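The following exercises concern a single protein model. Please work through each task with the sequence and structure at hand before reading its solution.

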Amino acid sequence: MNTRRALISIQTLLVTVVVLVLMVSTIQAQTDERVPKSVRHPLEPVDTSSPRATMASFFALTDETARRYFEFRDSPSPSTQNALMQLTEKVERLFDLSQEPPATRRKVADDTFFLLWDIMARLDVPDSAEIPGASAAQTSDEAVELPASWRIPHTEIVIARVEEGPLAGEFRFSPDTIRQMPRFYETTRELPYLRPMPIENVYRLTQLVTGWMIPLAWVEALPDWTNAPVLGQVLWKWCILLLPLVLAVAAVITVFRWGRRTSWDGSFSSYRRYLSTPLAIVVLTGFLWWFATYQINVTGFAAEVFNYIFRIARGF
């Protein structure tokens, strides 16, 4: 009798263990499905091995950008902002920026990405199976003949193979497509969305969004006329940009006058005074660039000017 009870207890224990293992496996699988791929594999590169892969990478990045934006909007902080900004490096890999000046490539990639996101949501984009590329059933050893370029039907948006340089063989949105993206946006901006859009008028939003030091609630409370675009940037950002610029110029002038208050005598104190002005310019230049780029989030012409001036000032 005791032996039989022991066997029953062991069987019950084994069944319980199996059930628990199955439950944990199911929960883990569901959790993995809910966790975005970029979180599970943060170092995975953007796939641009074919037009199909590039399109898939583009849509995956739009989903991830939307997710991180809402996290930043709901809990603005340096960490949530950094998580959002980290996507910029991956976004750059979607575009052939070889014909863009190095100083503006990152900003051009950002602008083009958000313009294209809004455009794509209004276009009748073909199914993935209709875009040139390897199918899931094909193995990596099977050669797939790919065209040199592929154009989204009924558009001028082209994904082309990079023919030379370190990026040779990758399929990226072509330089001509990048140049014409603002025109494409203006042409399609009044069309209805043909697919769900987590962030409507996303390009317009990028012109309004700020860093964690400037609460979005303040931005939303501004009157409509302050959001009028001027040279690719809303009016209120031009106004707020003047304040740190004026303060920086005033600080440099003050330091310069302090440094020239006494005549040069070759002493350490004289060296310190005469070096104070260029050092102040370097420090303030770095701060202004950081504040304008990551807190005000300058756009359009202002972003280009800031990048050029600050790179020159800092000797890049």
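**Exercise 1.** Determine whether Gln 295 is buried or exposed in this predicted model, and identify its surroundings.

*Solution.* Begin with the accessibility: Gln 295 has a relative accessibility of 1%, so it counts as buried, the limit for that class being under 20%. Next, locate the residue: Gln 295 belongs to helix α11. Then list its contacts. Leaving out residues up to four places away in sequence, Gln 295 touches Gln 81, Thr 210, Gly 211, Trp 212, Met 213, Ile 214 and Trp 290. Finally, examine the polar atoms: one in the side chain of Gln 295 lies 3.3 Å from the backbone nitrogen of Trp 212.

**Exercise 2.** Classify Phe 287 by its accessibility and find the surface patch to which it belongs.

*Solution.* Phe 287 is also placed in helix α11, which spans residues 268-296. Its relative accessibility is 43%, so Phe 287 is classed as partly exposed. On the surface, Phe 287 joins Trp 212, Met 213 and Trp 290 in a nonpolar patch whose accessible area totals about 380 Å².

**Exercise 3.** Describe the largest nonpolar core and the contacts of Trp 117.

*Solution.* This core has 42 residues, and the members touching the most others are Met 55, Phe 95, Phe 113, Trp 117 and Phe 173. Elements giving two or more residues include α3 (51-74), α6 (105-120) and α7 (175-188); the largest share, 9 residues, is from α6. Beyond four places in sequence, Trp 117 contacts Phe 58, Thr 62, Thr 65, Ala 66, Met 197, Pro 198, Ile 199 and Val 202.

Methods: Residues are numbered from 1 along each chain as its sequence is written. This is a predicted model: local features need pLDDT of at least 70, side-chain atom pairs count only at pLDDT 80 or more; totals for chains, interfaces and linings use all residues. Side-chain values use heavy atoms; hydrogens and water are left out. A nonpolar core is a set of buried Ala, Val, Leu, Ile, Met, Phe, Trp, Tyr and Cys residues joined through side-chain atoms within 4.5 Å. Buried means under 20% relative accessible area, exposed over 50%, partly exposed in between (1.4 Å probe, protein chains only). Helices (H or I, at least four residues) and strands (E, at least two) are DSSP runs, numbered from the N terminus. Contact means heavy atoms within 4.5 Å. Patches are made of residues with over 30% relative accessible area and no salt bridge: like charges are joined within 9 Å, nonpolar side chains (Val, Leu, Ile, Met, Phe, Trp, Tyr) within 5 Å. Accessible areas come from the Shrake-Rupley method with a 1.4 Å probe; for residues, only the protein chains shown count as cover. A salt bridge is a side-chain nitrogen of Lys or Arg within 4 Å of a carboxyl oxygen of Asp or Glu. A polar contact is a pair of N or O atoms within 3.5 Å; within protein, one must be able to donate a hydrogen and the other to accept it, and residues adjacent in sequence count only if both atoms are side-chain atoms.
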